[in-house]
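The following report describes a single structure, beginning at its surface and moving to its interior and its charged pairs.

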Amino acid sequence: MNRWSIGMELAGNLKRKREECRLSQDDVASKLNISRQSISKWETGKCYPDLDNLILLSDLYKISLDELIKGDKSFQERIIIRETGSVRRMWPWWVIFPAFGMLYGLVSMILNRL
């Protein structure tokens, strides 16, 4: 699933929840103090609400942000996050310095005993 389809799912969730609450786009716009056109753009996927508006929408629709953004459980199970390229685990490079310090100390101690 790509970013576009996730955005379209958000748009569908916004419209579905608004209709479940029996609100018009004008009703939602007036409650959020924004234009009706903004609501329309969100519901068609032309743009997305910012975090402040997402919080207000989740309060208005009485659902969690997670549910609003991700939708129902079946949608959540279909989300696959794909990383580009190979997954590379970072080796902690800073371990080299203490290892060399201990090795130096050990060699110095052995040489001093000789």
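Leu 114 lies in the segment after α7 (96-113), where helices are DSSP runs (H or I) of at least four residues, numbered from the N terminus. At 83% relative accessibility, Leu 114 counts as exposed; here buried means under 20% relative accessible area, exposed over 50%, and partly exposed in between, with a 1.4 Å probe and protein chains only. The model is a predicted one, in which local features need pLDDT of at least 70 and side-chain atom pairs count only at pLDDT 80 or more, while totals for chains, interfaces and linings use all residues. Residues are numbered from 1 along each chain as its sequence is written, and side-chain values use heavy atoms, with hydrogens and water left out.

Leu 114 also belongs to a nonpolar surface patch of about 930 Å², to which Ile 96, Phe 100, Leu 103, Leu 106, Val 107, Met 109, Ile 110 and Leu 111 contribute as well. Such a patch is made of residues with over 30% relative accessible area and no salt bridge, nonpolar side chains (Val, Leu, Ile, Met, Phe, Trp, Tyr) being joined within 5 Å.

Turning to the interior, the largest nonpolar core (buried Ala, Val, Leu, Ile, Met, Phe, Trp, Tyr and Cys residues joined through side-chain atoms within 4.5 Å) has 13 residues, and those with the most contacts inside it are Leu 14, Val 28, Trp 42, Leu 57, Tyr 61 and Leu 68. At least two residues of this core come from each of α1 (3-20), α2 (25-32), α3 (36-44) and α4 (51-61). Beyond its neighbours within four places in sequence, Tyr 61 is in contact (heavy atoms within 4.5 Å) with Leu 14, Lys 17, Arg 18, Cys 21, Leu 23, Val 28 and Leu 68.

The structure holds four salt bridges, each a side-chain nitrogen of Lys or Arg within 4 Å of a carboxyl oxygen of Asp or Glu. Among them are these pairs:

| Basic residue | Acidic residue | N to O distance |
|---|---|---|
| Arg 16 | Glu 9 | 3.9 Å |
| Lys 17 | Glu 67 | 3.5 Å |
| Arg 18 | Glu 43 | 2.6 Å |

Glu 43 lies in helix α3 and Arg 18 in helix α1, so this pair ties together parts that are 25 residues apart in sequence, and both residues are buried. Salt bridges that share partners join Lys 17, Glu 20 and Glu 67 into one network. Within that network Lys 17 counts as buried at 15% relative accessibility, whereas Glu 67 is partly exposed at 35%.

Definitions and conventions
Patch = residues over 30% accessible without salt bridge, like charges linked within 9 Å, V, L, I, M, F, W, Y side chains within 5 Å. Areas by Shrake-Rupley, 256 points an atom, 1.4 Å probe, with all protein chains shown as cover.
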